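Reader: I have a model open and would like to go through its local features. Can you take my questions as they come?

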Amino acid sequence: MALRKPHTVVHREGREIIANIIEKCDEEKTRKHLLLSLPKSTERGAMYAGVSYSTIKNIRKENKERKETNADNHLKSPGKKRRVSSRNIVSVDDFDKCVIRNVIQDFYVTEKRVPTIPKLLPIVKSKINFPWGKASLRQVIKSMGFKWKRCQSKRKILIERPDIVEWREKYLVKMKVYREERCPVFYIDETWVDSNLTFRKCWQSSDVMGIQTNYNSNNRLIVVYVGSKHRFLPNAQLIYKAGCTTGDYHGQMNSQNFEKWTMQQLIPNLPPQSVIVLDNAPYHSIQIDKPPTPYSVKQDMLS
């Protein structure tokens, strides 16, 4: 057996194979017989090296060809120095991309078909100079921003409740009338400001501590304001400290504060014939003498 030349570095992949061979040889020494029979040389080689059967076959074939040609070179690593075909370089200008986009749109609007690559290719070739194949056309379509993904669901349209559609229709009709009458339209909304909105990560070391994050949620402020397309309503701002530390501002705003702000700051500062637009947050409307539910206690039902 030919010995390896001295002072030759064995890299990680080679050391892993050698370690696997040593383990199998030690196992055969312990059992006092071969793990596989002698005729199964390829299988034994794959077992010793810890690689697949096909890998041993390919290396055996390449080594045989090297010996027949008396070549004094090393076995090649697969995948290296692959030739890059110049046919993969596709050059399509903006005009041709516009034609391709129109062809795709025509499939949906006119032909009512799904524009797959095999269906698009002959039509694109008939309209522009496109000497490439399906893979190149797919590459161009992707570069135009198209993605082959799951179709959008019609549930976005069908799932909408009829009463919501009716509300929206009434809102649009009324808003059109108010704008024609030149009524001042004001919009109300709420938000919050929290001192905890800061960086969560920063560059740090043993010498440089960086910034410190405040994990105390006692500094959250609720902000209520009303404004139009021209300006905010003067003297109508409401800013107060949140009463709890959990949930968003919807859970920390309440109907009592909103009603007090409406009566004391909003209505006195509104110009005549004003229109107020607000969403359907729970604290924007209070039901008086609310009827009991089947789960109400006896005292609530009697009351």
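**Pocket, salt bridges and contacts**

Author: Start with the second largest pocket: its lining, sorted by class, has 11 nonpolar, 2 polar and 5 charged residues. Keep in mind that this is a predicted model.

Reader: How many residues line the second largest pocket, and which lie nearest its centre?

Author: The lining has 18 residues. Those nearest the centre are Y108, P115, K147, W148 and K149.

Reader: And what is the volume of that second largest pocket?

Author: The volume is about 620 Å³.

Reader: Which helices supply at least two residues each to the lining?

Author: α4 (94-111), α5 (117-127) and α6 (134-143) each do so.

Reader: Staying with α6, where is K134, and is K134 buried or exposed?

Author: K134 is found in helix α6. K134 is neither buried nor fully exposed: the label is partly exposed, because its relative accessible area is 46%, between the 20% limit for buried and the 50% limit for exposed.

Reader: How far apart are K134 and P118 in sequence and in space?

Author: K134 and P118 are separated by 16 residues in sequence, while their C-alpha atoms are 6.8 Å apart.

Reader: Changing topic. How many salt bridges does the structure hold?

Author: There are 3 salt bridges.

Reader: Take E27 and R31. What is the N to O distance?

Author: The side chains of E27 and R31 meet at 3.1 Å, N to O. The two residues are 4 apart in helix α1 (residues 12-31), so about one helical turn separates them.

Reader: What are the accessibilities of E27 and R31?

Author: E27 has a relative accessibility of 29% and so counts as partly exposed. R31 is also partly exposed, with a relative accessible area of 47%.

Reader: Which residues of helix α8 are paired in a salt bridge?

Author: K170 and E166, with 3.5 Å from N to O. Both lie in helix α8 (residues 162-180), 4 residues apart, about one turn of the helix. K170 is partly exposed at 45% relative accessible area, and E166 is partly exposed at 42%.

Reader: What does R113 form a salt bridge with?

Author: The partner of R113 is E111, and the closest N and O atoms of this pair are 2.6 Å apart. R113 has a relative accessible area of 35%, so R113 counts as partly exposed. E111 is at 33% relative accessibility, again partly exposed.

Reader: Now the surface. Which residues make the nonpolar surface patch?

Author: Y171, L172 and Y187 make a nonpolar surface patch of about 290 Å².

Reader: Where does Y187 sit, and why can Y187 count towards a patch at 34% relative accessibility?

Author: Y187 is in strand β1 (residues 185-193). Y187 is partly exposed, with a relative accessibility of 34%, and patch residues need over 30%, so Y187 meets that cut-off.

Reader: Last one. What about V224, buried or exposed?

Author: V224 is in strand β2 (residues 221-227). V224 counts as buried because its relative accessibility is 0%, and the buried class covers values under 20%.

Reader: How far is V224 from Q237?

Author: V224 and Q237 are 13 residues apart in sequence. In space, the distance from C-alpha to C-alpha is 6.1 Å.

Methods: Residues are numbered from 1 along each chain as its sequence is written. This is a predicted model: local features need pLDDT of at least 70, side-chain atom pairs count only at pLDDT 80 or more; totals for chains, interfaces and linings use all residues. Side-chain values use heavy atoms; hydrogens and water are left out. On a 1 Å grid over the protein atoms alone, a cavity is a set of points where a 1.4 Å probe fits but cannot get out, and a pocket is an open set with protein on both sides within 12 Å along at least five of seven lines; lining residues have an atom within 4 Å of a point. Grid points are joined across faces, edges and corners, and a volume is the space filled by probe spheres set on the points. Ala, Val, Leu, Ile, Met, Phe, Trp, Tyr, Cys and Pro count as nonpolar, Asp, Glu, Lys and Arg as charged, and the others, Gly among them, as polar. Patches are made of residues with over 30% relative accessible area and no salt bridge: like charges are joined within 9 Å, nonpolar side chains (Val, Leu, Ile, Met, Phe, Trp, Tyr) within 5 Å. Accessible areas come from the Shrake-Rupley method with a 1.4 Å probe; for residues, only the protein chains shown count as cover. A salt bridge is a side-chain nitrogen of Lys or Arg within 4 Å of a carboxyl oxygen of Asp or Glu. Buried means under 20% relative accessible area, exposed over 50%, partly exposed in between (1.4 Å probe, protein chains only).
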